[in-house]
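Take a look at the structure below. This report goes through its main packing features step by step.

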Amino acid sequence: MAIWQFEFYLRPRSSVLKKHGLVPAVLEEDRTIPEMLDFDIDQEFPNYWAGIEIAKPALSRINARMDPMPSWSEDAVMFGSPEGSKIEIWNDDFVCCVDATCNDIAHLAFCVEIAKELDCLISLKGNGEVLEPEFELLLDRFENSIARKFVMDPRKTLVEHSFSFDVDDAGNPVKK
């Protein structure tokens with residue numbers, strides 16, 4: 001994901017309710033912490049899509065609106081542009097990215113429509129906040145996102161959100 005891409009996930013409401021018993025304010029697994037250099041690649045995350053197939057009408061709508069994109073994995077179907085707005089559909093994930101450089105509000109609205117059609121909640125990458133699939137809610141988060149701030153003032157955003165790292169003897173980044 002590029003800094004100018006606003007990214008979020010579609011999570012089936014039924015699976016979130018089954019796992020948590022309610023709609024939580026935050027899905028911890030969708031939080032990203034830039035300082036976290038010791039990311040465990042073997043860490044397991046809940047598969048909210050287990051046993052749920054993406055409805056064919058939703059796939060047809062996505063395919064009709066967006067160009068297929070070559071996937072770097074045989075486990076995913078991808079649409080859109082790698083550096084722009086896109087949708088990635090995995091067997092265990094549904095990822096939406098909105099290109100903030102062109103203020104792609106139409107794609108944002110389209111993703112909300114798909115979320116409603118699939119009865120999904122929206123979980124924001126970064127803070128893990130869970131939203132109902134309502135355009136105005138998502139638009140507000142988009143307008144206040146790092147992606148939009150970067151487009152409006154790249155230098156200020158990079159300075160405000162940068163982290164300083166040293167490198168250990170093996171060449172691995174270590175937070176100062």
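## Aromatic pairs

This predicted model holds 5 aromatic pairs. Ring pairs join F6, F8 and F142 into a cluster.

## The sheet

Strands of a sheet pair through backbone hydrogen bonds, and the pairing is either parallel or antiparallel. Here, 8 strands make an open sheet, and their pairing is antiparallel. The order is β2-β8-β7-β1-β6-β5-β4-β3. Which strands stand at the edges? They are β2 (26-31) and β3 (68-69). Each has a single partner strand, so one side of each lacks a neighbour in the sheet.

Now look at β1, residues 5-12, and β6, residues 94-99. These two strands pair in the antiparallel sense over 5 bridges. F8, a member of the ring cluster, stands opposite C96 in β6.

## A helix on the sheet

Helix α3 spans residues 105-117 and packs on the sheet. Helix α3 touches β1, β5 (86-90), β6 and β7 (120-124). The direction of α3 makes about 10 degrees with that of β1.

## Two helices together

Two packed helices are described by the angle between their axes and the distance between the axes. For α3 and α4 (residues 135-143), the angle is about 135 degrees and the axes are 10 Å apart. That angle is why α3 counts as oblique to α4. The crossing of α3 past α4 is right-handed.

Which residues make the contact? From α3 come I105, L108, A109 and V112. From α4 come F135, L138, L139, F142 and E143. By class, this contact has 8 nonpolar, no polar and 1 charged residues. F142 also belongs to the ring cluster with F6 and F8.

Terms used: Residues numbered from 1 in each chain as written. Predicted model: local features only at pLDDT ≥ 70, side-chain atom pairs only at ≥ 80, totals over all residues. Heavy atoms only, no water. Pairing = 2+ DSSP bridges. Helix = DSSP H or I, 4+ residues; strand = E, 2+ residues; numbered from the N terminus. Contact = heavy atoms within 4.5 Å. Axes fitted to C-alpha atoms, helices over the stretch in contact; angles between N-to-C directions. Phe/Tyr/Trp six-rings, centres within 6.5 Å; stacked < 30°, edge-to-face > 60°. Parallel < 35°, antiparallel > 145°, perpendicular 65-115°, else oblique. Left-handed = near helix turned anticlockwise from the far one by under 90°. Nonpolar A, V, L, I, M, F, W, Y, C, P; charged D, E, K, R; others polar.
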